[in-house]
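Please walk me through this structure in the viewer, one selection at a time. I would like to know what to select next and what is there.

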Amino acid sequence: MSTTDILDLSAAAAAAAIGGGSLSATELFEAYRDRAASDRAAGDAGLNCFTWVAADAPSEPVDAPLAGVPVAVKDLFCTEGVPSQAGSRILEGYLPPYTATAVSRLRAGGAPLLAKTNQDEFAMGSSNENSAFGPVRNPWDRERVPGGSSGGSAAAVAAGLAPWALGTDTGGSVRQPAALCGIVGLKPTYGAVSRYGMIAFASSLDQAGPLTRDVTDAALMLRHMVGRDPCDATSLAFPGEIELPTAERLDGIRLGVPQELTGEGIERGVLDAFAAAIEQAKELGAEVSDVHLPHAPHALSAYYVLAPAECSSNLARYDGVRYGMRATDAHDLLDMYMRTRHDGFGAEVKRRIMLGTYALSSGYYEAYYGRAQRVRTRISEDFRTAFEQIDFVVTPTAPSVAFRLGEKTADPLAMYLNDYCTVPMSLAGIPAISIPCGHSEGLPVGLQIAGPAFSENRLLDAARALERSIAFDARPARV
Amino acid sequence: MSDHKPGGVADAGGDGELEAVIGLEIHVQLATRTKMFCGCELSFGEPPNTRTCPVCLGLPGSLPVANARAVHLGLMIGLALGSELAPRSIFHRKNYFYPDLPKGYQITQYDEPLCRGGELGDVRIHRVHLEEDAAKLIHAGASGRIHGSDTSFVDFNRGGTPLAEIVTEPDLRAPEQASEWLKLLRTTLRQLGVSDVNMEEGSLRCDANISLRPRGSETLGVKTELKNMNSFRFIERGIRAEIARQEEILAGGGQVVQETLHFDPASGSITSLRSKEEAHDYRYFPEPDLVPVAIDDGMLAAARADMSELPADRAERLQRELGLSVDSAQVLAFRTELGDYFEAAVAARAEPAPPAQGLANWIAGDLVGRLPEGQDPSDSRVEPRALAALVGLVAERRVSVGAARQVLDRLIEGGGSEPLAIIEAEGLGAMDGGSELAEIVAAAVAANTDAAERVREGNAKAIGPIVGQVMRETKGRADGTEVARLIHEQLGA
Amino acid sequence: MAALARLALGEEEVEPMARELSAVLDHVARISELDLENVPPTSHVVEVTGALRADEPTPCLPREVVLSQAPLANDEGFLVPSPQA
């Protein structure tokens, strides 16, 4: 098999080829390892997708379902003895003594670690410009962002630098970069995948999820990650097994289009691609209707209270005492804390810590945190009501196609609006998938499909049927 | 101007008497094997930082999972104190920075604790909740200064140890009442088996909230929180010192400031713990990494099944089942080690069997009186069965009380473990009322003619010198009652 | 607020931070328009309870591994500037 042929294989196809003897796991690993290492070596001349790349292929043949198809993992996941910095300076040189459950499970399933991917610092960002390792570039247009915060994972998969990748999604950090890079990104039901070893941003929202070339790969990766983990009290046993999707039609499937997430603030080109996808769905037999999520317009506000509040507490442990960096010239303990955190955190992280500290402080708790939690209740109720009438909610994944590097860095609010369509599902803890559904300005547009908690199997089936029909097969030029 | 009352409370310049209002916050280390939120075994003097893992070090990505046994022990405390047990309680994060707090927050319970209400003795309980302990920060002094600052050393072995915090209502009024009540709580917790409750080792720690108000007033004055009283003596002294401090402030027309204070047992002084930059705002919010603790019937049943008998219940049972006096029953019930020894002696089925009340008297009196202060009789050489047999022999008049005390001395010295063998070897057996004793009595009567005359005249107290001589002659083996009977018989009195 | 968060801000950071925060706070303050009376707060989206751990020991980390990541340590533990009395 030629290298080009190898790189054209989806992860599922590669696993099958290894199983059938037409491809060796070592050959596959080395092909990707070389490409990833070149990108890493190229620095800013490349896409800057990686923060670390494995040196050697696993020496033993992998006797497990994933057959040795390697996976790129967001830097946010702890990997034993392998640098894990969450894209932050404050964790410079940090080598964890343990591995995240999601990564261990993938490894046990037969997927060795290929590389660690670049990301927004502590998963805070929508453009991957907030990284201690510098920005990631979008393989469709180097002058544009790949989305974030799992930007390195998304760009690596889109550019064929990794067969598939693991990311995390707190308010859209898997779905939005998947949309902006023209690949598939799935945020599972909250609790479906263990968070143990995933460096926390906002604990009540964080979920690990696959970034893949197609829906089948997303299902395959999820199958090997889900399940209750005794190390994560908020993890849940998945009811049944994740099946590989087979649906070709959407007969009898009821899709709901929420006006609140498909109107104002969404780019024309994105809306057009979305409308075309809805037409495809109808042709496949889906019934499409309007649905109301009356509190969805407030989701972003609630999110930007809850997530910073949790982050302000989660990031208190970076104090220069036990790991990572410490400011060297501090003259007392307080000064050591203040300077270490000043030097170690980037601007966006500081902004959210300040925001969250404020939202939790006495006198403001009820007005901000308390109210945001109540909005969260309302948003869950909205979805519950909607799912009594429809099977899935469909929206554009992101309000725009990939924007230019630096375009929104000066305006945090404009940056936050990228999460407008993805945050409601995060607050409700329900699964949502983004699949490429067309182009605008020559750049990919993502379609988001969301279902009730633990509806992953039905969701993947519906996404697969649409994916097949839309037949989005464009790829960025290979680097 | 001030006239100190027994509670240490002064009369404040004619405005009426002040009374102290005291509430306690007690931290109890729970007797689990592992920490509150991770599987590290609890540390008892292991080398520093050898009992840690990603969770209790607060490593990135680690997550807490609550220890079921800690919840179980918390429920037992709630049951013992008659608290209302919350069917659903949640953990919160208390956010602040300190080197002994690895995550930058302590996981504790806030407005939805495991137990609410209850009482012990005459003090009402406000709440009981679960939390994790901080690590140990050891000041290493100026040696090895970091950038001109003194250095401290952090040992995370203790970090994450499960604690139950018991908060009382402000129902205490005097320092000694506070320490007495705390002893009752300690006995109760020890009996429950939920903790070692050792103040010196820090498994029982107590803070006090103290305020003053005019006697008879219902409103509370401004309170201070006094920390670091690590013995019962220091609790009394600390509270007394703080009451005196507040009295002085109020007497001088000043106002007490609400603050946290530190009691220094060495100097007896009280200092403020508040440092300038510490405007505390703990920003409590529900811990998102933990799910609510739901108490189901199974957990309740398990906690009930594990409850050992409480002191009050034990005292009641000892009276009812064994016919002990109220006083004896309470002594044995509240001094757990005496009660346990007593019950072991009863259960030993010694021959001859001792009467229960007599056995209780011997344990609480002669035995305890002969042991070093505070020693658990189970740790002495006197086996419960041996003491029971000795008391049985006394009851059957086979040995006199005086001789039995000598036997007890031998038992304590380790000079044997069989009372009967000691009695025979040392010839301490009671003399029967036969001719030998009658002859000794006759000789004693003859030698004490003055006393004999007065006894004959009806002065019963005058018998002493005659009895004394008989006892000297018989080395205490004679039964006092029998001796007295013989004397009266011979004197025809 | 910065002191509470133990976050030193450079002089040049203060003004933009204040401006950006107030813009975001203005936006999020929109939730104050909603009628949320009698709406319970959501702390966990999936209502799980229990999830307790048996009181069974698990292995601890070797001390040299624990201390290997420390910015400043001796052979036995972490070193920090002493807190001010």
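The tour below goes from one whole chain to a single strand and then to a chain contact. Keep in mind throughout that this is a predicted model.

**Chain A, whole**

Select chain A and colour by secondary structure: there are 15 helices and eleven strands. Turn the C-alpha trace onto its principal axes, and chain A spans about 70 × 55 × 45 Å. The radius of gyration of chain A is 21 Å, which agrees with the value near 23 Å for a compact globule, given its 479 residues.

Next, colour chain A by burial. Of its 479 residues, 69% count as buried. If you draw the contacts in chain A between residues at least 6 apart in sequence, 75% of them join residues at least 24 apart.

**Strand 10 of chain B**

Now select residues 149–155 of chain B, which form strand 10. This strand is largely enclosed by the rest of the structure, because five of its seven residues are buried.

Add residues 78–81 of chain C, which make up strand 1 of that chain. Strand 1 of chain C and strand 10 of chain B pair in the antiparallel sense, with four bridges. To find the register, centre on B:V154, which stands opposite C:F78.

**Where chain B touches chain A**

Finally, show chains A and B together. On the chain B side 28 residues are in contact with 40 residues of chain A. Strand 4 (91–95) and strand 10 are the elements of chain B that give two or more residues to this side. Coloured by class, the side of chain B that touches chain A shows 15 nonpolar, seven polar and six charged residues.

Notes
Residues numbered from 1 in each chain as written. Chains lettered and ligands numbered in written order. Predicted model: local features only at pLDDT ≥ 70, side-chain atom pairs only at ≥ 80, totals over all residues. Rg over C-alpha atoms; globule rule 2.2 N^0.38 Å. Buried ≥ 20, exposed ≤ 12 C-beta atoms within 10 Å, placed from the backbone. Contact = placed C-beta atoms within 7 Å. Pairing = 2+ DSSP bridges. Nonpolar A, V, L, I, M, F, W, Y, C, P; charged D, E, K, R; others polar.
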